[in-house]
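I opened my notebook to look up how two helices pack against each other, and I wrote down each term as I needed it.

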Amino acid sequence: RVNLYSQYLWETTDFVNLIDDMRAVLEDVNAQTGLDLFPSGTVFEYWEQYRNLWSFLIQNLLIALACTFAIGTLAILTASYHTRVTPMEPIDHVILIAKACQGSLVMTAVIASTMTWVLGSMGWLNISMSAIPALTIIACMGICIDLTALVTLFFCSGRGTHDERINNALKCVFIPTL
């Protein structure tokens, strides 16, 4: 065990640079000697989250949006098939799939715009990204998916005019979600 001391670390970038520099040194040692060395200490335990937090957060939000689109399409398609009363022609299947994709695309776009708004507001309010705000963003996305997906599902599977379907969807979803 070797103790290393650091000083003049004031900004988040100072800590991240220290971690990156230390990892580069340890990779060089590993390449030259074959020793696997692992740094530890408060700097590495606390500030490690700042190294890749943004890339992991954005990557996971994009994966969640892709899954939302796929599951939303399947849910809308399934609900639309179950509400059909008359037999369907082959072209009707294609139309239902296109409408399910359209509804899911609108739903995914609304969720993406809400997440962009939340991230932009955090930047405007100068909230630093760390584990707590990242978890808040993930929870916010879950709440957005819940409300938006259910309204979209009830709207797409409903019958009647546009106004009747949106009215029915909000009656079914808004009060329980609120």
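Before the packing, I noted that axes are lines fitted to C-alpha atoms, for helices over the stretch in contact, and that angles run from 0 to 180 degrees between N-to-C directions. Helices (H or I, at least four residues) are DSSP runs, numbered from the N terminus.

I also noted that this is a predicted model, in which local features need pLDDT of at least 70 and side-chain atom pairs count only at pLDDT 80 or more, while totals for chains, interfaces and linings use all residues. Residues are numbered from 1 along each chain as its sequence is written, and side-chain values use heavy atoms, with hydrogens and water left out.

**Entry 1, the pair.** I looked up helix 3 (residues 49-82) and helix 5 (residues 131-157), and found that they pack at an angle of about 15 degrees with their axes 10 Å apart. That makes the two helices roughly parallel, a term for angles under 35 degrees. The contact (heavy atoms within 4.5 Å) includes Leu57 and Leu61 of helix 3 and Ile137 and Met141 of helix 5.

**Entry 2, helix 5.** I read that helix 5 has 27 residues and reaches 38 Å from its first C-alpha to its last, close to the 39 Å expected at 1.5 Å a residue, where the expected span is 1.5 Å times one less than the number of residues. Its buried residues (under 20% relative accessible area, 1.4 Å probe, protein chains only) include Ile137, Met141 and Phe155, and the buried residues of helix 5 pack against helix 3, helix 4 (90-124) and helix 6 (162-177).

**Entry 3, a loop residue.** I found Asn126 in the loop between helix 4 and helix 5, with a positive phi of about 60 degrees although Asn126 is not a glycine. At 66% relative accessibility, Asn126 counts as exposed, which requires over 50%.

Notes. Parallel < 35°, antiparallel > 145°, perpendicular 65-115°, else oblique.
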